[in-house]
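Grab a pencil and open the viewer. Here are a few short exercises on charged side chains and the core, each with a worked solution.

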Amino acid sequence: QVQLVESGGGLVQPGGSLRLTCAASGSIFSIRRMGWYRQAPGKQRDLVAQIFSGGDTYYADSVKGRFTISRDSAKNTMYLQMSSLKPEDTAVYYCCITTTDVTWGQGTQVTVSS
């Protein structure tokens with residue numbers, strides 16, 4: 001089994017930055033894709049960014065130019081650097097990896113407020 005643990009969330013003022021970390025452990029074989037999703041209260045869970053095994057990345061339009069996804073394959077760790085944060089970025093952020101299965105983390109709260 002694969003376990004994911006997110007960290008790095010918190011309260012930040014508009015315009016600020018945060019870096020989220022997703023650490024994977026367990027029986028990890030052939031990670032095909034790693035991604036970050038977010039879910040605001042009363043809304044569906046949406047894809048924010050993802051990175052594929054070959055290194056290609058994808059970003060939702062709402063975060064392009066502000067967020068950067070990266071990974072450290074040796075450590076089975078993924079990051080989401082978030083800059084120029086806006087109140088509408090407030091949500092619970094989840095990491096997700098796809099191998100032969102899909103595994104989700106428990107989520108970390110990000111609150112952008114003055």
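**Exercise 1.** Which side chain meets D61 in a salt bridge, and what is the N to O distance?

*Solution.* Keep in mind as you go that this is a predicted model.
- Step 1: look around D61 for its partner, which is K64, with N to O at 3.1 Å.
- Step 2: check the surroundings. D61 is exposed, and K64 is exposed as well.

**Exercise 2.** How many salt bridges does the structure hold? Track down those that involve D89.

*Solution.*
- Step 1: the count for the structure is three.
- Step 2: start from D89 and go to R38. These two form a salt bridge, and their closest N and O atoms are 2.9 Å apart. D89 sits in the loop between β8 and β9 while R38 belongs to strand β4, so this pair links distant parts of the chain, 51 residues apart.
- Step 3: go back to D89 and find R66. Their side chains also meet in a salt bridge, at 2.7 Å from N to O. R66 lies in the loop between β6 (57-59) and β7, and D89 in the one between β8 and β9, so this pair ties together parts 23 residues apart in sequence.
- Step 4: put the pieces together. R38, R66 and D89 are linked in a network of salt bridges.

**Exercise 3.** Are R38, R66 and D89 buried or exposed? Use the cut-off for buried, under 20% relative accessible area.

*Solution.*
- Step 1: D89 has 1% relative accessibility, so it counts as buried.
- Step 2: R66 comes in at 11%, so R66 counts as buried too.
- Step 3: R38 has 14%, which means that R38 is buried as well.
- Step 4: see what packs around R38. Leaving out residues up to four places away in sequence, R38 touches a list that includes Q44, D46, V48, F67, E88, D89 and Y93.

**Exercise 4.** Which residues have the most contacts inside the largest nonpolar core? Then pick M82 and list what it touches.

*Solution.*
- Step 1: this core has 29 residues, and the ones with the most contacts inside it are W36, L80, M82 and Y93.
- Step 2: ask where the core comes from. Elements giving two or more residues to it include β1 (2-7), β4 (33-39), β8 (77-82) and β9 (91-98).
- Step 3: zoom in on M82. Setting aside neighbours within four places in sequence, M82 is in contact with G16, S17, L18, L20, R66, F67, Y93 and V110.
- Step 4: spot the link to Exercise 2. R66, one of the contacts of M82, is also part of the salt-bridge network with R38 and D89.

Key
Residues numbered from 1 in each chain as written. Predicted model: local features only at pLDDT ≥ 70, side-chain atom pairs only at ≥ 80, totals over all residues. Heavy atoms only, no water. Core = buried A, V, L, I, M, F, W, Y, C linked by side-chain atoms within 4.5 Å. Buried < 20%, exposed > 50% of the residue type's maximum accessible area, 1.4 Å probe, protein only. Helix = DSSP H or I, 4+ residues; strand = E, 2+ residues; numbered from the N terminus. Contact = heavy atoms within 4.5 Å. Salt bridge = Lys/Arg side-chain N within 4 Å of Asp/Glu carboxyl O.
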